[in-house]
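Hi,

Here is the structure I promised to pass on to you. Have a look at it first, and then read my notes below.

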Amino acid sequence: MKHNQFALGALGLAMALAYQPVHATNGFFLPGSGVRATGMGGVGIAYGADSLSANANPANIVNTGMRGDMGISIFNPERYAKVGVPAGQKSAFGGTFNGDVESEARYFVMPEMGMTMSLSEQLSVGFAVLGSGGMNTTYPANFFSYTGGTPPPGEKIGVDMMQVLIPVSVGYKVNDDHALGASLVMATTRFRAYGLQAFPVFDELTFAITSDTSAMTNLGYDYSYGAGLKLGWQGDFLEDKLTVGLVYTSRTYMTKFDKYKGLFAEQGGFDIPESYGIGLAIKPVKNLVIAADVSRINFSKVKSFGNLGPGTDSAAVHTGTTAMKAIPSVGDDLDNDGFSSKELGNDAGMGFGWQDQTVYKLGVQYGVNSKLQVRAGYNYGKSPVLNDQLTFNTLAPGVVEKHYTAGFTYKPTDELEITGSYMHVPMNSQVSPRYQNIVGMAEVGMSQDVYGLSLGWVLDPGASGDQYGEASVDSEPWGFFAGMSLAGTDNKDWKSSSINSDLADTGITATSVIDNTDANGNIGWKLFGGYEINQYFAVEGGYIAFQDAYANVNATAPTVGKSRLGLQSEAWMLAAMGTYPVSENFSLFGKLGANRWHQTLLTTNTTYYTNASLSKPTQGTQVSESDSGTGLYYGAGVSYDLGKYLTLRAEWERFDVNDTDIDAFSGGVVLKF
């Protein structure tokens, strides 16, 4: 009974943590099903080795044996939007925004968990809980501003969407060479939008852009629920040296977002698109796997994704004189009242204008010995966003294309697997045709880094355990360790009084208010590693990303204006570490060393002017200043060993950063090798 209670508690925890917004990479979707697949380019249709792989192809679970997996990833998307109009002119909204802004939400936690088990030699079952994808932006300046005075000065703009998938799967081994699988994929989506007040104003003063002005922005979170079906097949050929997989995922029909029925097509519809794919896995030798997937995602069949938004014909777009010309790509189909049937929220209402996307994945895994696998991969999907469809996609710039990945699995015992992965996605930008857009010229861009760590408890490895090498290694830890922690941080000098004083030193009279209220995407985290010389002494180094700090500033002299400050801090550290064992499992430790810090201060002008005078700064002007240096670093904490290879750690650390103390309170896991 206790085990069942633990499983339900873990599932509830995973569901709660899963309500963290992420930013997808293959259009709307994450590149791979879990940490392990991510390290291999996201492949999984023909090869999967953990319980999360059922989300790629449910037929995988006939090979995964009896196991449970739990992991966490730190997702770091960096994205920006740039909007501009010609000098002395206005956008179709009547706005004079001219500048670029970065999203303030930069770090997200993505949990995952799952389990599989064999009921007989032919039949296997399993479930998983993992993020599907989403979109999140928090821009400090509103580029959909309207010169009539709405939205209010300093109003942020952004969207926050997150999806969780729960595939409940069954796999059936038809014979030694063929397997079938099916999943009932339950889904839940959370969404909110804010800062879109210019849309109703535009609607009232010019031409209708939405079917319901009361149901499109600043309404808090709304939730949608639904389910779909996933079917898969795998076949082994050439004496098991070649595996071929096929998978089809139906459209997931979701309940509608009633709060946002004036924003999404079909009165708030936002179904998950159908997809299908083929995969190959070649195993020339026991410990080598080369796998490739090709998938197709039918975004265009979901109207909120596929319907065109504003953007192509724009002779008068930037003058703001003829509003209907600002919505050219929606056509001129008018209803009996003379309003466009393409208004937001209608069945044919405007959407993101996404095309269908083909995704290519390639991954390689090599079993170094009986305890270690290493892997690498590449993932490519051309952006589904057209250049003339950037107006709405400034809110959700899913435009990245190339993904480079690496990972490992270390098996210290027959029952424990430790898996890590890293993914880098280079910056990809898109620019609209010059001024062919209702906001003038638009440009969006995004880059990403993802760090993942998961633990697998293996009771029966199944066929997935065959890809390790033959050579064994010493069963005792070698003395090396690595870990990941989540951290809450406190900048001792980021106070209103300190900011006001610093501004006064530069001749600016202002009052400031600390504003860290939006917790989404504002977490601290760190990666670390080192070597234990003995049970008392060790050397440790690592990297920490502190929580971003924000403040709103109201200046009264020498000029009147409002600004948004954002302080981004990070540090590399190296320290000597002393440990005192209190008991067999419980220890105290302290550390002393130095850190190499780097800080960036973003200042965004959020003053809202009711005229287009270019003698005044335009809302959205953003200035970046950076500094770096070295400082003292020390800390103390406690640790508890769960075994030879796994330790829980909680600690406090202080960093001297730019003549300011920053405290970090963190908790995480340490893996010993």
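Let's begin with some strands. Strand β13 (residues 372-381) runs antiparallel to strand β14 (residues 402-410), and the two pair over 9 bridges. If you want a spot to click on, L372 has Y410 in β14 as its bridge partner. On we go to the next pairing: β14 also pairs with strand β15 (residues 416-431), again in the antiparallel sense, this time over 7 bridges. Here F408 stands opposite G420 in β15. The link from β14 to β15 is a hairpin of 5 residues.

One thing to keep in mind while you browse: this is a predicted model.

Now zoom out to the whole chain. It has 673 residues, and 58% of them are buried. Its secondary structure comes to 7 helices and 26 strands. Take the contacts with a separation of 6 or more: 72% of them are between residues 24 or more positions apart. The exposed area is about 26,000 Å², with carbon and sulfur atoms supplying 58% of it.

Next, the inside. In soluble globular proteins, nonpolar side chains tend to be buried together. In this chain, the largest nonpolar core holds 50 residues, and the members that touch the most others are F28, F143, F191 and F270. Several elements give two or more residues to this core, among them β1 (66-84), β4 (123-139), α3 (198-205) and β16 (441-460). Try selecting F28: leaving out residues up to four places away in sequence, its contacts include M135, M161, F270, F299 and W354. There is also a second, separate core of 19 residues, with Y107, A545, Y645 and L646 among its members.

Then come the charged side chains. How many salt bridges are there in the count? There are 25. A few are worth a visit:

- D490 and K492 meet through their side chains, at 3.1 Å from N to O. D490 counts as partly exposed because its relative accessibility is 27%, and K492 is partly exposed too, at 37%.
- K672 bridges to E532, with the closest N and O atoms 3.9 Å apart. This pair links distant parts of the chain: K672 lies in strand β26 (residues 660-672) and E532 in strand β19 (residues 524-532), 140 residues apart. K672 is buried because its relative accessible area is 15%, under the 20% cut-off. E532, at 32%, counts as partly exposed.
- D663 and R654 form a salt bridge at 2.8 Å, N to O. Both D663 and R654 are buried.

Some of these residues also belong to a network: salt bridges link D490, K492, K495, R654, D661 and D663.

Last stop, the surface. Which residues make the nonpolar patch of about 830 Å²? They are W478, F480, Y531, I533, Y536, F537, V539 and L574. Take V539 as an example: this residue sits in strand β20 (residues 537-545). V539 counts as partly exposed because its relative accessibility is 40%, which falls between the cut-offs of 20% for buried and 50% for exposed.

If you'd like a route through the model, start at the hairpin between β14 and β15, go on to F28 in the largest nonpolar core, and finish at V539 in the surface patch.

Have fun with it!

Key. Residues are numbered from 1 along each chain as its sequence is written. This is a predicted model: local features need pLDDT of at least 70, side-chain atom pairs count only at pLDDT 80 or more; totals for chains, interfaces and linings use all residues. Side-chain values use heavy atoms; hydrogens and water are left out. Patches are made of residues with over 30% relative accessible area and no salt bridge: like charges are joined within 9 Å, nonpolar side chains (Val, Leu, Ile, Met, Phe, Trp, Tyr) within 5 Å. Accessible areas come from the Shrake-Rupley method with a 1.4 Å probe; for residues, only the protein chains shown count as cover. A salt bridge is a side-chain nitrogen of Lys or Arg within 4 Å of a carboxyl oxygen of Asp or Glu. Helices (H or I, at least four residues) and strands (E, at least two) are DSSP runs, numbered from the N terminus. Buried means under 20% relative accessible area, exposed over 50%, partly exposed in between (1.4 Å probe, protein chains only). Two strands pair if DSSP finds at least two bridges between them. A nonpolar core is a set of buried Ala, Val, Leu, Ile, Met, Phe, Trp, Tyr and Cys residues joined through side-chain atoms within 4.5 Å. Contact means heavy atoms within 4.5 Å.
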